[in-house]
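Please find below a note on the side-chain contacts and surface of the model under review. The points are numbered for ease of reply.

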Amino acid sequence: METRNVEISALRTLRSGFLYLLVAVIMGIVAALAGLISIIAAFGFMAAAPHGPSAFAGVIGAVALLLVLSLVAVGIVLYAIFGKIRPGVRQLSEVDNGFRICYTGTTLILVGLAILVLGLVVFAITILTSLYFTSPTVASGGFMLALGVIIISGIIAFIGNILTFVVGAFKLHSRYQNSLYMAAGILFILDIALLLVGFSGILSLVGYILMYIALGDTINKLSTAAATPAQA
């Protein structure tokens, strides 16, 4: 019974994580649309009155709105992954060791983000030092180093994303035999393929919805099974 309670708790934590991811993706889409519309409108006013201060202020306001909403969306994603999904798969790995690879995936995402921050720091230092050193070799070397670190961080986070979401979806399907998990995993794979050609996000959004629904169904079944002996 204790194991079943841990399992249900883990699945509930995972489900809340996917809910946060849904909110973040929707907010990101809204931010992109709102920012794009605002920028187009602001440039329209600027074209009508190129020397008017309100037009320039409109552009700045639109960019600020886009930036704020994007930062909020990123914050929600980070909380969803590290505050919900990571603890959820850690709990689930206590029930089924096969989910340890998914926990490893969240660790890789965390490592990738840490390396990304390092790359951005190197990039910032390079910009600052380029103001004082005129040698193009120093500047280009710093930029290449920063770019290399950022690329490495992206690769590590990319692998972590696959282990966490794609492998996780298929392992959930293997354990609970709900076809929605498999469908979500396939959508995650297709979205990764679209990412390589510059389009990504929509299929993952649908995948998050399927995962949220499937986890709810699994939780209900496990809760019912756990309550049945007590009623007998």
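The points below take up the basis of the model, its salt bridges, its aromatic rings and a surface patch.

1. Basis. The model is predicted, so local features need pLDDT of at least 70 and side-chain atom pairs count only at pLDDT 80 or more, whereas totals for chains, interfaces and linings use all residues. Residues are numbered from 1 along each chain as its sequence is written, and side-chain values use heavy atoms, with hydrogens and water left out.

2. Salt bridges within helix α1. A salt bridge is taken as a side-chain nitrogen of Lys or Arg within 4 Å of a carboxyl oxygen of Asp or Glu; by this rule the count comes to 5. One of them joins the side chains of Glu7 and Arg4, at 3.7 Å from N to O. These two residues are 3 residues apart in helix α1, or about one helical turn; helices are DSSP runs (H or I, at least four residues), numbered from the N terminus. Glu7 counts as buried, at 4% relative accessibility, while Arg4 is partly exposed at 29%. Here buried means under 20% relative accessible area, exposed over 50%, and partly exposed in between (1.4 Å probe, protein chains only).

3. A salt bridge between distant segments. The side chains of Asp96 and Arg175 also meet in a salt bridge, at 3.4 Å from N to O. Because Asp96 lies in the loop between α2 (53-95) and α3 (100-130) and Arg175 lies in helix α4, this pair ties together parts that are 79 residues apart in sequence. Asp96 is partly exposed, at 23% relative accessibility, and Arg175 is partly exposed as well, at 33%. Arg4, Glu7, Asp96 and Arg175 are linked in a network of salt bridges.

4. A salt bridge in helix α6. Asp217 and Lys221 form a further salt bridge, with 3.3 Å from N to O. Both residues lie in helix α6, 4 residues apart, about one turn of the helix. Asp217 is partly exposed, with a relative accessible area of 29%, whereas Lys221 is exposed at 54%.

5. Aromatic pairs. A search of the whole structure finds 8 aromatic pairs. Rings of Phe, Tyr and Trp (its six-membered ring) pair if their centres lie within 6.5 Å; planes under 30 degrees apart count as stacked, over 60 as edge-to-face and the rest as tilted. The rings of Phe18 and Tyr208 have centres 5.9 Å apart and planes at 50°, so this pair is tilted. The pair links distant parts of the chain, with Phe18 in helix α1 (residues 2-48) and Tyr208 in helix α6 (residues 202-231), 190 residues apart. Phe18 and Tyr208 are both buried. Tyr176 and Tyr181 form another tilted pair, 6.5 Å centre to centre with 45° between the planes, and both of these residues are buried.

6. Ring cluster. Ring pairs link Phe18, Phe165, Phe188 and Tyr208 into a cluster.

7. Nonpolar surface patch. Met144, Leu147, Ile151, Ile155, Phe158, Ile159 and Leu195 form a nonpolar patch on the surface, with about 640 Å² of accessible area together. Patches are made of residues with over 30% relative accessible area and no salt bridge, like charges being joined within 9 Å and nonpolar side chains (Val, Leu, Ile, Met, Phe, Trp, Tyr) within 5 Å. Accessible areas come from the Shrake-Rupley method with a 1.4 Å probe; for residues, only the protein chains shown count as cover. Helix α4 (residues 136-176) gives the most to this patch, with 6 residues. Met144 lies in helix α4 and is exposed, at 58% relative accessible area.
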